[in-house]
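Hi everyone, thanks for making time this morning. I'd like to walk you through a structure that may be new to you, so let's put it up on the screen.

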There are 2 protein chains.
Amino acid sequence: MQGLRKAGLKATLPRMKILEALQSSKQKHFSAEDVYKMLFKKNEEIGLATIYRVLTQFESAGLVMRHNFDGSHAVFELNDDSHHDHMIDIDSGAVVEFYSEKIEELQKKIAAEHGYEVADHSLVLYVRSKKKKPK
Amino acid sequence: MQGLRKAGLKATLPRMKILEALQSSKQKHFSAEDVYKMLFKKNEEIGLATIYRVLTQFESAGLVMRHNFDGSHAVFELNDDSHHDHMIDIDSGAVVEFYSEKIEELQKKIAAEHGYEVADHSLVLYVRSKKKKPK
DNA sequence: ATGAATGCAAAAACTTTGCATGACG
DNA sequence: CGTCATGCAAAGTTTTTGCATTCAT
């Protein structure tokens with residue numbers, strides 16, 4: 001509601017519902033369809049096209065971040081202004097967030113060595129639990 | 001040709017043409033359509049569906065690696081068995097490869113701290129040249 | 001000869017867009 | 001009230017798939 005105005009977006013019902021859905025869910029990463037279904041269950045039927053449009057606007061406004069973990073579909077996450085990378089459990093699909101100052105530094109250093117500066121980066125670890133599954 | 005047999009793939013004309021195209025190009029990263037057009041120019045018209053099928057088989061066989069730099073389409077690169085990550089110049093689209101032992105180590109360490117082991121990872125730096133563009 | 005590979009066109013999955021209607025400021 | 005947002009359906013992209021035909025061994 002206020003976040004929307006601050007972001008320069010008119011406070012419409014769909015936008016408020018979507019933002020609230022993102023904020024109130026225990027989940028942190030959502031595909032457009034996740035959001036759609038989530039709202040659908042609450043009997044807030046918002047067209048999928050609107051979800052896409054709104055999420056894209058939220059992204060431009062810096063309210064959410066878009067990730068492409070697997071290339072087949074985008075996932076969105078609220079932008080809490082604390083940068084972090086992701087670790088995805090390839091068996092369960094669970095997503096763990098992490099942050100490493102050292103890796104960030106190394107990235108800058110390596111880019112600099114090539115005459116570049118880092119504008120953005122994407123780091124995803126595909127991991128497997130170390131605990132052996134009981135046979 | 002021999003690489004194909006070793007990979008357990010029948011040496012068909014389309015597969016040979018595609019492999020050769022990948023090997024003989026100065027370019028290192030190709031979308032399926034890049035490969036299609038490349039062959040088309042050489043008057044080797046291979047159906048796009050076949051390109052996709054073959055590249056996927058090559059990936060399974062370990063001959064190529066698939067990347068999803070931007071989420072909108074996949075790119076393939078010959079697998080030279082030397083792991084590296086990528087840096088993409090957001091202005092020119094140029095792709096630079098790099099490798100950092102330290103970053104690799106840190107990734108393993110961080111995963112381990114969460115009870116995981118790294119099965120794979122994807123690191124892409126989106127960079128911008130440090131040289132100021134003359135106004 | 002025979003099982004696999006190809007080509008084509010159709011389908012699928014995800015996302016964007018055009019346009020008429022409705023809502024916000 | 002004028003403008004911008006929404007919904008719906010249609011179109012766009014990229015990738016996959018079914019099926020008849022052709023190819024490799």
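Across the interface of chain A and chain B, 12 residue pairs are in polar contact, with both partners at pLDDT 80 or more. I mention pLDDT because this is a predicted model, so please keep that in mind throughout. How many salt bridges does the rule find across that interface? The count for chain A and chain B is zero.

Which parts of chain A form the side that touches chain B? Strand E3 (85-89), strand E4 (95-98), helix H5 (101-113) and strand E5 (116-129) of chain A each supply at least two residues. The biggest giver is E5(A), which puts 14 residues into the side of chain A that touches chain B. Sorted by class, that side of chain A holds 17 nonpolar, nine polar and eight charged residues.

Now for the extent of the interface. The area buried between chain A and chain B comes to about 3000 Å², and carbon and sulfur atoms give 67% of that area. In terms of residues, 34 of chain A are in contact with 34 of chain B.

Let's turn to how the two chains are arranged. Chain A can be superposed on chain B by a rotation of 180° with 0.1 Å of shift along the axis, and the RMSD is 0.1 Å. That is the relation of a two-fold axis. The same surface also serves both copies, as 100% of the contact residues of chain A recur in chain B.

On to the DNA, beginning with strand C. There are 20 residues around DNA strand C, and those that come nearest are A:Tyr52, A:Ala74, B:Thr12, B:Thr50 and B:Arg53. Two of these names come up again when we look at phosphate oxygens of DNA strand C: a polar side-chain atom of A:Tyr52 lies 2.3 Å from one, and a polar side-chain atom of B:Thr50 lies 2.7 Å from one. B:Lys10 joins in too, with an N or O atom of its side chain 3.4 Å from a sugar or linking oxygen of DNA strand C.

What share of the atoms of DNA strand C within 4 Å of the protein belongs to sugar or phosphate? It is 72%, and the rest belong to bases.

As for the protein side, helix H4 (48-60) of chain A, helix H2 (13-24) of chain B and helix H4 (48-60) of chain B each supply at least two residues of the surface near DNA strand C. H4(B) gives the most there, with four residues. By class, the surface near DNA strand C has eight nonpolar, five polar and seven charged residues.

Finally, DNA strand D. Of the 20 residues around DNA strand D, the nearest are A:Thr12, A:Thr50, A:Arg53, B:Tyr52 and B:Ala74. A:Arg53 has a polar side-chain atom 2.7 Å from a base nitrogen of DNA strand D. The backbone plays a part as well: a polar backbone atom of B:Ala74 is 2.7 Å from a phosphate oxygen of DNA strand D. Helix H2 (13-24) and H4 of chain A, along with H4 of chain B, give two or more residues each to the surface near DNA strand D. H4(A) gives the most to that surface, with four residues.

That's the tour, and I'm happy to take questions.

Definitions and conventions: Residues numbered from 1 in each chain as written. Chains lettered and ligands numbered in written order. Predicted model: local features only at pLDDT ≥ 70, side-chain atom pairs only at ≥ 80, totals over all residues. Heavy atoms only, no water. Near = heavy atom within 4 Å. Polar contact = N/O pair within 3.5 Å; in protein donor to acceptor, adjacent residues only side chain to side chain. Nonpolar A, V, L, I, M, F, W, Y, C, P; charged D, E, K, R; others polar. Least-squares fit on C-alpha atoms with pLDDT ≥ 70 in both. Contact = heavy atoms within 4.5 Å. Buried area = accessible area lost by both parts, 1.4 Å probe. Salt bridge = Lys/Arg side-chain N within 4 Å of Asp/Glu carboxyl O.
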